[in-house]
Amino acid sequence: MIGGSWLPRVAVLAAVLQGAAALPRFDAVQPELFAAGATLVNAAADYDGDGDLDLFVGFNGTPNRLYRNDNGVFTDVAAAAGVSDARATRAAAWGDFDGDGDPDLLVGFAPGAGPVLRLYRNDRGPSTVLRAGLFTDVTEATGVAIATGAVRQPAWVDIDADGDLDLYVGFRDRADVLFRNDAGRFADVAAQIGLADTRKTVGAVWFDYDEDGDLDLYAAHMDGDANGLYRNDRGRFTDVADQAGVAWGGRAPRDPANGTVRPCVADVNGDGRFDLFMANYGANGLFLNRGGGKFEDASAAWGVAIDSRYDTCAFGDVDNDGRIDLYVNGTVTGGKSYRDYLLRNTGATFEDVTPANIQALEADHGALWADFDGDGAEDLALTGSQANGMHLLLRNVLPPAIARQSLAVRVLDSRRRATRAGAEVRIYAVGTRTLVGARLVDSGSGYDAQSDMPLHFGVGSRTSVDVEVTWPGGGRRLVARAAGVRAATLRTMTVK
């Protein structure tokens, strides 16, 4: 099923008007509220079911925050909701693990008192006041307690296509974990299926790279370890990164000072296939998907092979022109703050359009695009690990006519649950197979985080588009379509 990002009902909202592209400009939202530093993680979801996106922020030892969004105005409700842990937080992921229709929250901590993973069940329920929300710690009851480990990338994803969300967790200092979900109880099956990698995992993303009807995994590794591309063959995983040409992600091979922190998947060149970008310690990498399970290194040609230190990549269409743009988040290490880049996609390369107020930030970890105020433009949420840093929410200031040149798509299953991470959404010019844009329902958003939110498409001057959703699972690629989605038109679709 497809739904709008700022509407309380499942649907497709296409608001398309004429207008010219604007230069990027970002204004801080409630800067006095989003002022505290020493933050690493941010993840977005509509946890209270009121139709707008809320924001979880993980801190480095002070209480975590959950910002409830009420029509674009934010309030920290973490303490009342039961998720204000004052423990150094390294990861977060939203996912409806119990299949009741609302997003639950997994939090990953630095080693300390108690397990390094904590799972909070969202018990909002139909009789609960929507604004309140209540989270219950079900870590032990569900079997996800892990005593120690350097938690990095979590991802909720239905790898066995049985209709519920399984949980992958990458670790920097121990074997990675794949918890299979059986009626709300989890068991680690990573060793049985070939995913218990002991390399230094820090980032990961799931997608059907070879288009064979099941979800594959690209995992990012640090300290000179090669990255892994785990091909899914009927539930068994084999690392084929070397054969596919993506083992090093554009950085220097076997250099212990280099590594990949965050991989991102996007259709960069507009051919309908999903490409790989790697935010690296070392030169960043862009590998175009050429089909047949092969990738081509296009890092230099597209102007992204910047040799530096990066923690995060985040793709979004900042100007709603239909081409997907890129935010790359520099880290703070060795006493140096590496600058962030906002790179606009010209169709053949990326150009630096970073505003001065963003260049001045020490924003070095979480980065995600989301339309928090429901105006049709993607806003930018950032975190910074420095004590004098921030966890800003920056409003994307586009002229209203251009902001409304957009389409919000939410993919749900036939029971109206968000269990379709890895689904592919493509939009086409009406009545044709002329591709306007392609997006992936992301299984990892921000820095060591996962968000549960709609996909955003800029559609330029088009007044209507056709929408196609493909979900790979169980060796099949299920497809659903809606034709002639117009401005202010609501459509429902089912992906079973």
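Start by selecting Leu 276 and Phe 287: in strand S22, Phe 287 is the bridge partner of Leu 276. What you have open is a predicted model, so treat this as a walk through a prediction.

**Stop 1: strand S21 and its neighbours**

Leu 276 was our way into S21, so now select the whole of that strand, residues 275-283. Is S21 mostly buried or exposed? Nine of its nine residues are buried, so the strand is largely enclosed by the rest of the structure.

Now bring in the neighbours one by one. Add S22, residues 285-291: S21 and S22 pair in the antiparallel sense over three bridges. Look at the turn between them, where a hairpin joins S21 to S22 through one residue.

Next, select strand S20, residues 259-266. S20 and S21 also pair in the antiparallel sense, over seven bridges. To see one meeting point, pick Arg 262, which stands opposite Ala 279 in S21.

Then add strand S24, residues 307-316, which runs antiparallel to S21 and is joined to it by three bridges. Click on Tyr 281 and look across to S24, where its bridge partner is Arg 309. If you wonder what the pairing is made of, strands of a sheet pair through backbone hydrogen bonds, either parallel or antiparallel.

**Stop 2: the disulfide**

Keep S20 and S24 on screen and show Cys 264 and Cys 313 as sticks. Which link joins these two? A disulfide joins Cys 264 to Cys 313, with 2.2 Å from S to S. Cys 264 lies in strand S20 and Cys 313 in strand S24, so the pair ties together parts that are 49 residues apart in sequence. Rotate the view around the S-S bond: at 105 degrees, the link is right-handed. Both Cys 264 and Cys 313 are buried. The count for this model comes to one disulfide.

**Stop 3: rings and more rings**

Hide the strands and show the aromatic side chains. How many aromatic pairs are there? The count comes to 18. Zoom in on Tyr 209 and Phe 295, a stacked pair with 6.2 Å centre to centre and 25 degrees between the planes. The two come from distant parts of the chain, 86 residues apart: Tyr 209 is in the loop between strands S16 and S17, while Phe 295 is in strand S23. With a relative accessible area of 5%, Tyr 209 counts as buried, and Phe 295 is buried at 10%.

Now select Phe 34, Tyr 67, Phe 74 and Phe 372 together, and you'll see a cluster linked by ring pairs.

Some rings have a charge as company. Select Arg 174 and Phe 171: the charged end of Arg 174 sits over the ring of Phe 171, 4.8 Å from its centre. Then try Arg 339, whose charged end sits over the ring of Tyr 341, 3.8 Å from the ring centre.

**Stop 4: an open sheet**

Go back to the cartoon view and select S3, S32, S31 and S30. In that order they form an open sheet of four strands with antiparallel pairing. Which strands stand at the edges? They are S3 (26-28) and S30 (367-370), each with a single partner strand, so one side of each is left without a neighbour in the sheet. Neighbouring strands here are turned by 25 degrees against each other on average, direction ignored.

For the last selection, take S31 (residues 379-382) and S32 (residues 393-396), which run antiparallel and are joined by two bridges. Click on Ala 381, and opposite, in S32, is Leu 393.

Conventions. Residues are numbered from 1 along each chain as its sequence is written. This is a predicted model: local features need pLDDT of at least 70, side-chain atom pairs count only at pLDDT 80 or more; totals for chains, interfaces and linings use all residues. Side-chain values use heavy atoms; hydrogens and water are left out. Rings of Phe, Tyr and Trp (its six-membered ring) pair if their centres lie within 6.5 Å; planes under 30 degrees apart count as stacked, over 60 as edge-to-face and the rest as tilted. Buried means under 20% relative accessible area, exposed over 50%, partly exposed in between (1.4 Å probe, protein chains only). A charge sits over a ring if NZ of Lys or CZ of Arg is within 6 Å of the ring centre and within 35 degrees of the ring normal. Two strands pair if DSSP finds at least two bridges between them. Axes are lines fitted to C-alpha atoms, for helices over the stretch in contact, and angles run from 0 to 180 degrees between N-to-C directions. A disulfide is a pair of cysteine sulfur atoms within 2.5 Å.
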